[in-house]
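I set out to keep a short notebook on one protein chain, writing down what I looked up and what I found. My plan was to begin with the whole chain and then turn to its charged pairs and its hollow spaces.

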Amino acid sequence: MSRCTVLDYILLSLCDLIRMEYRIPLYECRLRFQVIYKLISMDSDVIGTDTLKYLFHLARLWINLLRDCSVLGSSNEVRRTKESLGNQTRFLFSVMDLILYVEKHKQVRSIDEVPFENFINRLIVARESYDYPAAILFLALEVYGHTGCNDYDQYGRTPLLHAISSEKSFIDTNDYVFLIRKILQISPGNASLPHNKSLFPLHLAIRRRFQWNTGIASIAFDYPKALTKKDPTSLLFPFMQAAASGSTLETVFELLRMNPCAAFGHGNNSQTSSYKMQQSFN
C-alpha cells in the first residue's frame, strides 16, 4: 500500500472543501498555489504514486460542483458564486498544469517557460491512464485552447494529433469525436499542422480507422489541402489510403468526391470548393 505524501494530503483537503461547497476566495487561491509550488520546487518526489489519482478526483468533484451551479439561475448570489468558481477554475488548472509538468519532467518549470504551454497535450495523454471527466478537458480547451491547440510537444504532436492517436482512451463514448470537433472549432486550420512535417492529421485519422462521420469529415474540411498530400509511409492519397485500410464505402467515396483528381494520380483538389458549396445546399 502506497503512503500519502504531503501533497496528497493537500489535495485531499481540497476535496473536502469542495464537498462542503466552500468557495475559495481569490487571495486564498493564490496563497494555496504558492504553497503547493514551493513544496514541489523543494522536492519533486512529493508527487507520489497516487498523487495524480487524487488530483483527478479533485477535478471530478469540482466539475460536478460547476454543473450544479450552472442550473441555479442568474440571481446576484448565483453570479457571485460563479465568479468565485471562476477563481477556483483558474486555481485548479494552475495546480493541474504544475503537477502534470513536474510529473513529466521531474522538475518545476523555469521562469522563462510559458505557463500552460502543452497543458492541453498533457491532459489528453493523461486521459489514457486516468479516468477523469471529459468535461474537464473540454473546459480546458475553452480557457486555453486558442493558443494551446497549436502547441507541439516533445514528440512532435499537437492536441489534435494526440486526440486522434488516443482514440482508445475514449472508447465506448463519442467523446473523442466531440474532442476533435471542439479543437477544430476553437483553432480553425489546426488540421494543417503535421507530425514530423509530413504526416497530417487526416493521414493519421485514416490509419486509426476513423470513418467519415467519426472525425474524418471535420478534419478534411478543416484542411482540404491534405487531400492532395500522400501518406508518407504508404505513398497513397487519402481516398486510396482509406480504401486500402478497410474504411467504409462512404468514407472512401466522400474523400474521392472532395478530390476526384487523386484518382488520376495527382493531387489537384480544385473540386473541393465546389463540393463544399454543394454540401451547403444539401
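The entries below follow the order in which I looked things up.

**Entry 1: the chain as a whole**

I noted before anything else that this is a predicted model, and I kept that in mind throughout. I then looked up the secondary structure and found 13 helices and zero strands in the protein chain, so that the pattern, read along the sequence, is α-α-α-α-α-α-α-α-α-α-α-α-α. I also looked up burial, and buried residues make up 50% of the 282 residues in the protein chain. The chain exposes about 14,400 Å², and carbon and sulfur atoms supply 54% of that area. For contacts with a separation of 6 or more, I found that residues 24 or more positions apart account for 69% of them.

**Entry 2: salt bridges**

How many salt bridges does the structure hold? I found eight, and I looked at several of them in turn.

I began with Asp-16 and Arg-19, whose side chains meet in a salt bridge with a distance of 2.9 Å from N to O. Both residues belong to helix H1 (residues 6-19), and because they are three residues apart there, about one helical turn separates them. I checked how open each partner is, and Asp-16 counts as partly exposed at 39% relative accessibility, while Arg-19 is also partly exposed, with a relative accessible area of 49%.

I went on to Glu-28 and Arg-32, a pair whose side chains form a salt bridge at 2.9 Å, N to O. These two residues lie four residues apart in helix H2 (residues 26-42), which is about one turn of the helix. Is Glu-28 buried or exposed? Glu-28 is buried, because its relative accessible area is 13% and the cut-off for buried is under 20%. Arg-32, at 24% relative accessibility, counts as partly exposed.

I then looked up Lys-53, which forms a salt bridge with Asp-50, the closest N and O atoms being 3.9 Å apart. That distance still counts, because the limit for a salt bridge is within 4 Å. Lys-53 is partly exposed at 44% relative accessibility, whereas Asp-50 counts as buried at 19%.

I closed this entry with Asp-97, Arg-109 and Arg-122, which are linked in a network of salt bridges.

**Entry 3: pockets**

I looked up the largest pocket and found about 350 Å³ of space in it. Which residues lie nearest its centre? Of the 17 residues that line this pocket, they are Phe-33, Ser-94, Asp-97, Pro-115 and Phe-116. Asp-97 was already in my notes as a member of the salt-bridge network. H2 and helix H4 (76-105) each supply at least two residues of the lining, and H4 gives the most, with six residues. By class, I counted off nine nonpolar, three polar and five charged residues in the lining of the largest pocket.

I turned next to the second largest pocket, which has a volume of about 270 Å³. This pocket is lined by 15 residues, and the closest to its centre are Glu-103, Lys-104, Arg-122, Val-125 and Ala-126. Here I met Arg-122 again, which is linked with Asp-97 and Arg-109 in the network. H4 and helix H5 (119-126) are the elements that give two or more residues to this lining. The classes in the lining of the second largest pocket are six nonpolar, five polar and four charged residues.

**Entry 4: cavities**

How many cavities of 30 Å³ or more does the structure hold? I found two.

About 70 Å³ of space lies in the largest cavity. Its lining consists of Leu-14, Leu-17, Ile-18, Ile-24, Leu-58, Trp-62, Gln-88, Phe-91 and Leu-92. I looked up where these residues come from, and H1, helix H3 (51-70) and H4 each supply at least two of them. The lining of the largest cavity has eight nonpolar residues, one polar residue and no charged residues.

The second largest cavity holds about 30 Å³ of space. Leu-227, Pro-238, Phe-239, Leu-255, Leu-256, Asn-259 and Ala-262 line it, and the elements that give two or more residues are helix H11 (238-244) and helix H12 (249-258). For the second largest cavity, I noted six nonpolar residues, one polar residue and no charged residues in the lining.

How values were computed. Residues are numbered from 1 along each chain as its sequence is written. This is a predicted model: local features need pLDDT of at least 70, side-chain atom pairs count only at pLDDT 80 or more; totals for chains, interfaces and linings use all residues. Side-chain values use heavy atoms; hydrogens and water are left out. Buried means under 20% relative accessible area, exposed over 50%, partly exposed in between (1.4 Å probe, protein chains only). On a 1 Å grid over the protein atoms alone, a cavity is a set of points where a 1.4 Å probe fits but cannot get out, and a pocket is an open set with protein on both sides within 12 Å along at least five of seven lines; lining residues have an atom within 4 Å of a point. Grid points are joined across faces, edges and corners, and a volume is the space filled by probe spheres set on the points. Ala, Val, Leu, Ile, Met, Phe, Trp, Tyr, Cys and Pro count as nonpolar, Asp, Glu, Lys and Arg as charged, and the others, Gly among them, as polar. Contact means heavy atoms within 4.5 Å. Accessible areas come from the Shrake-Rupley method with a 1.4 Å probe; for residues, only the protein chains shown count as cover.
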